[in-house]
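Reader: I would like a close look at one part of this model. Please take the open sheet, strand by strand, and then place it in its surroundings.

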Amino acid sequence: MSETIKTDVVIIGAGPVGLFAVFELGLLDIKAHLIDILDKIGGQCAELYPEKPIYDIPGIPYITGIGLTEALMEQIKPFNPTFHLGEMVTTMTKLGDAHFKVATDAGKTFECKCVVIAAGGGSFQPKRPPIVGIEPYEEKSVFYAVRKMENFRGKKLLIVGGGDSALDWTLNLQPIAKRLTLVHRRDEFRGAPDSVNKMRALVAAGDMDLKIGQVAALEGGDGQLTAAQIKGKEATDRIECDAMLPFFGLTMKLGPVADWGIKMEDELIPVDTGTFETNIPGLFAIGDINTYPGKLKLILSGFHEGALMAQKAFHYVYPEKRLVFQYTTSSTSLQKKLGVA
Amino acid sequence: MSLQEASPAVEAKKETMPKITYIEHDGTEHTVEAELGSTVMETALKNDIGGIVAECGGGCTCATCLVHVDEKWFPVVGPPSEEENQMLDTAFEVTETSRLSCQIKVTEKLDGLIVRTPSYQGR
């Protein structure tokens, strides 16, 4: 059964810009829910550069992606936002003035007054290997995620990759698979050492196979794989399989945003730079996903955009109220909201 | 501008600008000057060379700036670090001379470098 969640604003994307938007909205008494396709908070900061330094956050000479995410979480704590992680927004419909409906692939439905797209470079989705003729097999016998382990019981499985996803699924599926072969381009693995040891023990015991090489071609028909050719350094081997699970990490794709009737330019959303509103009133776009003359894809620009967005969103959420601009330094009412007064 | 007309200052600058040749998967060749201390990835983006995505902007965290270094040049460029090798695990059609171009710093030794860009970087 699907649940409908009613809130003021739905923010699509829980990267730094989406997180700071919670702060700016919160100061104006606007409640927010955030939805992100990743299973963690932080967006690109968490996925692409958790340990890499960022040098251009104003007032912070040096911080890592994780550090910035944690600091923002601390900053927005008083506003108690709700996160919906590991979910992709599939549809966004405007029902009326200040009335939107947003649905996710996890079956949740939201009704809200404004929508803020803070989706950065789009949604992180699995990288697809460039194997000729792979498309007809996808979602039939080639899978980029495991939704139900039972679907793989008794099957001959090929898992491709050398990271934690490949190793974890190797260890989880090996007991129920008929035969499991792990394929990786080199005999070294970047996954957790414990998982690597467990995998090597299974190989040594003859309970699974490890092939060093790259998948060069697929065999089968009607979407059903029968075998894959693995090109190694010296020879190409043919391995029979019923299903293949490639794990090559994630890449950013625009995703369903393109289908929501928003005016777009080169996969970016043009906005009014006074309000960061799109061509649809009440729908905003902030951060890397928007475009306007002079746009810079910087976190600091996204913060500014969030602040201006919140001012306009206020009028949709509280149409009868007058907005008085205040500073956190001097306003007792803002300090009360932040829990410091 | 011919060499005779060039001022000594300009000439001196040119001498320290190594040239890199990028060959796209369809055979299109670009020979461009690269700034010392920049990277082979940055030079590609600056010159609108096809086949380099560089999603993460040079952080060695996305493997979408893969190049195949010309075999003759590979010993000069050198092998990837372990960190880079781990990212190469998430790239496709990786060969013995594949590198992430964001991890190749431009030095005087690389004058004349030839790299090939792939048709697909995973997106």
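Author: What follows starts with the sheet and then moves outward to the cores, the whole chain and the contact with the second chain. The model is predicted.

Start with the order of strands. The sheet is open and has four strands, running β1-β9-β8-β7 in chain A. Its pairing is mixed. Two strands sit at the edges: β1, residues 4-6, and β7, residues 89-96, both of chain A. Each of these edge strands pairs on one side only. From one strand to the next, the twist averages 20°.

Now the individual pairs. β7(A) and β8(A) run antiparallel, with six bridges between them. Within this pair, V89(A) faces T104(A) of β8(A). The two strands make a hairpin, and two residues lie between them. One residue in that turn, A98(A), has a positive phi of about 50°.

On to the next pair. β8 of chain A covers residues 99-104, and β9 of chain A covers residues 109-112. They too are antiparallel, over four bridges. Here F100(A) is the residue opposite C112(A) in β9(A). A general point on strands: when a strand is regular, its side chains alternate between the two faces of the sheet.

Next, the nonpolar cores. The largest core holds 87 residues. Five of them touch the most other members: A21(A), V115(A), V116(A), I117(A) and A313(A). Take A313(A) as a case. Leaving out residues up to four places away in sequence, A313(A) touches V9(A), L25(A), I30(A), C114(A) and F284(A). Another core lies apart from the largest one. This other core has 30 residues, including Y137(A), L157(A), I230(A) and F247(A).

Step back to the whole chain. Chain A has seven helices and 22 strands. The chain A C-alpha trace spans about 70 × 40 × 40 Å along its principal axes. Of the 341 residues in chain A, 40% are buried. Consider the contacts in chain A with a separation of 6 or more: 61% of them join residues 24 or more positions apart.

Last, the neighbouring chain. On chain A, 17 residues are in contact with 15 residues of chain B. Strand β19 of chain A, residues 250-253, gives the largest share of the chain A side, three residues. By type, that side of chain A divides into six nonpolar, six polar and five charged residues.

Terms used. Residues numbered from 1 in each chain as written. Chains lettered and ligands numbered in written order. Predicted model: local features only at pLDDT ≥ 70, side-chain atom pairs only at ≥ 80, totals over all residues. Pairing = 2+ DSSP bridges. Axes fitted to C-alpha atoms, helices over the stretch in contact; angles between N-to-C directions. Contact = placed C-beta atoms within 7 Å. Nonpolar A, V, L, I, M, F, W, Y, C, P; charged D, E, K, R; others polar. Core = buried A, V, L, I, M, F, W, Y, C linked by C-beta atoms within 7 Å. Buried ≥ 20, exposed ≤ 12 C-beta atoms within 10 Å, placed from the backbone.
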